[in-house]
Amino acid sequence: MLGKLTLHIFKTLTEPRSQDGQVVGYTLPRAPLQTFEVMEQNSTAGGATEQYHGNYLSNPEVTAEPRREEEEEEEEEEEDDDEMPAERKNKKSWGQVMKELKLFWWNPETHAFMGRSGKSWGLILLFYTIFYSFLAAMFTVCMYALLMTISPYTPTYRDRVVPPGVMISPRVGGFDIAFNASDPKTWAKYTETLNAFLTPYNDVEQERKNVACTPDVYFKQDDREESAERKACQFKRSSLGNCSGIDDPSFGFSEGKPCILLKMNRIIGYLPGEGTPVTVSCEALKGDVDRFGAAEFHPYDFFNLMYYPYYGKLTHVNYTSPLVAIRFPQVTTENPLTVQCKLNGKGIKSDSMQDRFLGRITFTLQIGA
């Protein structure tokens, strides 16, 4: 009853009226409704009151302002977070890093080592074991098939090594031979090299291992099996005369008449000269050419045919390459001489501009008193 009475009074006071007292419309106020207290006549003594709370219609402009302020604050916080460097955001402490690393190496919960379980590691090892075993087997089969087509005794292609090259001894640090005849310290290294080089040519060794052959003809042994051992012809050290080091251990260096040993490189199956011995000649190219003089050759100035062909180190076990010793007894100058020794014969090439060792050898000779 009290609530109805209060609502009636509120409507009466708020209804707009015209001048003649007629109601022209009804609108709710925008301000908050006030609370009216009405005393009921039949209430108890002391004045019990009943409060009526009307509907509160808030002003949207007033309520929007705090919300707008909150949104602006949130946007400012987000902008501050965006401006913060990524490294600073994602930066981890050393404790976190060590903890994650320890967990990576061994995870006690999942029993995983480096991110994988024991079963996973076992499968990986099994896969790679099978994979690499297959590769090794395939490589072995390919190599075996290749070796079955290649002879270990005779090269398949030999056209790039014909004609032969030439080499000399002694060769100590290069192709310059310089010494003083009166000072043994200057030529001792050359005599030591020559002695070591001629050790396999000692007469006793040659007579024990090799056979005496017929001179001036090829010593062919093609009638034997490819893997059969071939005999080698004797080349005795004593046949080198004054350049053997037997009678003169200084090889002529003490007299200023040094000896140089010349040999052809080995080529399997090669027959030099095509039936004619390959000869050797030497000449001075630069320096006091007139004081070079004539050279002496031991045992001959050619390579005897009986030492050819060569059958390879697997079958021609005791083979020793034939030598031509060159002695220079008439050199009368202390100035450096550039000397060239070359091969001459059929099938021999000694004028190649690309290979200065093909069929020839050039060295410097300087003899001091």
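Here are some worked exercises on the predicted model shown above.

**Exercise 1. Get the overall picture**

Task: Work out how many helices and strands the chain has, and what share of its residues is buried.

Solution: Start with the secondary structure: there are seven helices and 11 strands in the chain. Then turn to burial, where 27% of the 369 residues come out as buried. Next, look at the surface: about 25000 Å² is exposed, and carbon and sulfur atoms supply 54% of that area. Finish with the contacts. Take those between residues at least 6 apart in sequence, and 70% of them join residues at least 24 apart.

**Exercise 2. Check a helix with a ruler**

Task: Test whether the span of helix α6 agrees with its number of residues, then find what covers its buried residues.

Solution: First, count: α6 runs over residues 184–198, which is 15 residues. Second, get the expected span, which is 1.5 Å times one less than the number of residues. That rule gives 21 Å for α6, and the end C-alpha atoms sit 20 Å apart, so the two agree.

Now for the buried side. In α6 the buried residues are W187, Y190, T191, L194 and L198. An α-helix has 3.6 residues a turn, so residues three or four places apart point the same way. As for the cover over the buried residues of α6, it includes the strands β3 (166–169), β4 (176–180) and β5 (259–264).

**Exercise 3. Look around T320**

Task: Decide whether T320 is buried or exposed, and list what it touches beyond its sequence neighbours.

Solution: Locate T320 first: it sits in the loop between β8 (302–303) and β9 (324–327). Its relative accessibility is 9%, and the cut-off for buried is under 20%, so T320 counts as buried. Next, skip the neighbours within four places in sequence; T320 then has contacts with P200, Y201, Q206, N210, C233, F235 and R266. One of these, Q206, also makes a side-chain polar contact with T320, at 3.4 Å.

**Exercise 4. Find the greasy patch**

Task: Name the residues that make a nonpolar surface patch of about 940 Å², and place V97 within the fold.

Solution: The patch is built from W94, V97, M98, L101, F104, W105, W106, F113 and M114. Pick V97 from that list: it belongs to helix α4, residues 94–105. With a relative accessible area of 34%, V97 is partly exposed.

**Exercise 5. Hunt for unusual backbone angles**

Task: Find which proline follows H298 through a cis peptide bond, which one is joined to Y308 in that way, and what phi F251 and E274 have.

Solution: Go through the omegas first. The bond from H298 to P299 is cis, with omega near -10 degrees, and P299 lies in the loop between β7 (296–298) and β8. Y308 and P309 are joined by a cis peptide bond too, with omega about 5 degrees; P309 is in the loop between β8 and β9.

Then check phi. F251 is not a glycine, yet its phi is positive, near 55 degrees. E274, also not a glycine, has a positive phi of about 55 degrees. F251 is in the loop between α7 (203–209) and β5, while E274 is in the loop between β5 and β6 (278–286).

Last step, compare their surroundings: F251 has 0% relative accessibility and so counts as buried, whereas E274, at 57%, counts as exposed.

Methods. Residues are numbered from 1 along each chain as its sequence is written. This is a predicted model: local features need pLDDT of at least 70, side-chain atom pairs count only at pLDDT 80 or more; totals for chains, interfaces and linings use all residues. Side-chain values use heavy atoms; hydrogens and water are left out. Helices (H or I, at least four residues) and strands (E, at least two) are DSSP runs, numbered from the N terminus. Buried means under 20% relative accessible area, exposed over 50%, partly exposed in between (1.4 Å probe, protein chains only). A polar contact is a pair of N or O atoms within 3.5 Å; within protein, one must be able to donate a hydrogen and the other to accept it, and residues adjacent in sequence count only if both atoms are side-chain atoms. Contact means heavy atoms within 4.5 Å. Patches are made of residues with over 30% relative accessible area and no salt bridge: like charges are joined within 9 Å, nonpolar side chains (Val, Leu, Ile, Met, Phe, Trp, Tyr) within 5 Å. Accessible areas come from the Shrake-Rupley method with a 1.4 Å probe; for residues, only the protein chains shown count as cover. A salt bridge is a side-chain nitrogen of Lys or Arg within 4 Å of a carboxyl oxygen of Asp or Glu.
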